[in-house]
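Biologist: I've got a model to look at, and I'd like to learn what the words used about it really stand for. Can I quiz you while we look?

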Amino acid sequence: MPAFHAAIIRWYRRNARDLPWRRRSDPYSVLVSETMLQQTQVARVIPKFEKFLAAFPTIASLACAPLADVLRMWSGLGYNSRAKRLHETARTVLRDFNGQVPHAIDDLRTLPGVGRYTAGAVASFAYGADEAAVDVNVGRVLSRALLGKDRITGSAIWELAARVVPRGRASMWNHALMDVGALFCRPNPDCAGCPARRNCVFSTSGKPERKTGARRGRALSAKAPFLGSRRYYRGRVVRALTCAPRLSLLALGEQVKEDFAATDVAWLRDLLAELERDGLVALDANRAHVRLPTDARQS
DNA sequence: AAGTCGTGGTC
DNA sequence: TGACCAAGACT
C-alpha cells in the first residue's frame, strides 16, 4: 500500500468521525443515509437519520408507508424529491429485487435517486465492494493530493478514484477520504493538520486556485507548512507558490525533497504513467504539466 | 449540459 | 443582509 494510503488509513483508524450511519452497515441504512447526505450537511442529517430509521426500520416498512408519512419524516432536510425517490426505490427493491438491495453498481443505478456516487457508496459501505464513491470531498482530496489540481470533475476523477481504491478496504478508504476532505482538505485547506500532507502533491508543491473575495479566508501559504520554500525540478528552481495546473514537480522530478514521502514518488509516477497510457491525462514534454480530457474540468 | 431541486447556517 | 454553500441526481 502506498504511503499515501497508509497515512490516511492510519489517521482514520484513530480519528474517524463517529457518525450515526457508520454504526450501521446494512444496505438499507446506507441507502437512507447516503440519500439524506446528498447535498446536505452532515450536521443536518445526524438528528434526522435515527428518527427516520425508527419510523421505518426496514425497507419493507418504508415501501409500505404512505408517501405523506415519509415526507413528514423528511421535513427539514430539503430536496423533498429525494424522499419520493427513496420511497420509490424501496418499492422497487421489494418488487424487482426480492427485497434485497442489489450489490451490482449497474443494478443500483437503476434505482430512482441512486446516481454514481450513491451506488458506489452502497456497494462499498454495505457490501464491501472495491468501488469508488466520489463526492465533492473525495474529488477534492484526490485531485489535489495526486494531480496537484484544485478539483477535477467529470470522468477523470472517477477513473482516478477507481484506480487508487485499496483492495478489500474500499469502505474504510472512502470514509477516510471523506473525513480528510471535510476536516482538512476543505476548499480553504488546513494542510498543516492533514495526515496526508507529506504524501500530497498539493500541500508540497501547489496552491489552490483561490477565488478572489474577502470571505475566502487567509491564503493557503499562511497555513501550509511547505509552501514558500524553493524547490527544484530538472535543475530549475520551482516556485512553490505558483498555481499553474501541473503535476507534482516533486513527484516527477529526480530531486525528491524530504517532505514528500519517497515511497509515494514511484507509485505516483507509475499511476500517472498508467493514466497517460489510457488517455486519461496527457503529460507535456517536461512531464510537468498535465492536460485532462475535455469533460474533466477544473474548478 | 446547464438548470433545478430545499433548507438552514454562515459572515 | 443577501449571496454562497453543503456526502448529488435528474432532465
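Modeller: Here's a starter: residues 24 or more positions apart account for 63% of the contacts in chain A with a separation of 6 or more. A contact means heavy atoms within 4.5 Å.

Biologist: What kind of model is it, and which rules apply?

Modeller: It's a predicted model, where local features need pLDDT of at least 70, side-chain atom pairs count only at pLDDT 80 or more, and totals for chains, interfaces and linings use all residues. Residues are numbered from 1 along each chain as its sequence is written, chains are lettered from A and ligands numbered from 1 in written order, and side-chain values use heavy atoms, leaving out hydrogens and water.

Biologist: What makes something a helix or a strand here, and how many does chain A have?

Modeller: Both are DSSP runs numbered from the N terminus: helices are H or I runs of at least four residues, and strands are E runs of at least two. Chain A has 14 helices and four strands.

Biologist: Why is Cys191 called buried?

Modeller: Buried means under 20% relative accessible area, exposed means over 50%, and partly exposed is in between (1.4 Å probe, protein chains only). Cys191 has 7%, so it's buried. Of the 299 residues of chain A, 50% count as buried.

Biologist: How do you know that Cys191 is in no disulfide?

Modeller: A disulfide is a covalent bond between the sulfur atoms of two cysteines. The test here asks for a pair of cysteine sulfur atoms within 2.5 Å. A search of the whole structure finds zero disulfides. For Cys191, the nearest cysteine sulfur is that of Cys200, 6.3 Å away.

Biologist: And what about Cys194: why is there no bond to Cys185?

Modeller: Cys185 has the closest cysteine sulfur, but at 6.3 Å it's too far for a bond. Cys194 is buried too, because its relative accessibility is 10%.

Biologist: What makes α2 largely enclosed by the rest of the structure?

Modeller: Ten of the ten residues of this helix, 27–36, are buried, so the rest of the structure largely encloses it. Among them are Tyr28, Val30 and Glu34. The buried residues of α2 pack against α3 (42–55), α4, α5, α6 (81–96) and α8.

Biologist: Let's try a histidine. Why is His175 called buried, and which residues does His175 touch?

Modeller: His175 lies in helix α11 (residues 170–183) and counts as buried because its relative accessibility is 12%. Leaving out residues up to four places away in sequence, His175 touches Tyr12, Arg22 and Phe125.

Biologist: Why is the pairing of His175 and Arg22 called a polar contact?

Modeller: A polar contact is a pair of N or O atoms within 3.5 Å; within protein, one must be able to donate a hydrogen and the other to accept it, and residues adjacent in sequence count only if both atoms are side-chain atoms. The side chains of His175 and Arg22 are joined by such a contact, at 3.4 Å.

Biologist: Why is Pro66 only called partly exposed?

Modeller: Its relative accessible area is 46%, so Pro66 falls in the in-between class. Pro66 sits in the loop between α4 (59–64) and α5 (67–74).

Biologist: What makes the phi of Tyr79 worth a look?

Modeller: Most residues other than glycine have a negative phi. Tyr79 has a positive one, near 45°. Tyr79 is in the loop between α5 and α6 and counts as exposed because its relative accessibility is 52%. Asn98 also isn't a glycine and has a positive phi, about 55°. With a relative accessible area of 65%, Asn98 is exposed.

Biologist: Last one: what makes a residue near DNA strand C, and which ones come nearest?

Modeller: One of its heavy atoms must lie within 4 Å of the strand. Of the 25 residues around DNA strand C, Trp21, Leu37, Gly113, Thr118 and Asp135 come nearest. A polar backbone atom of Gly113 is 2.4 Å from a phosphate oxygen of DNA strand C. The helix α8 gives the most to this surface, with three residues.
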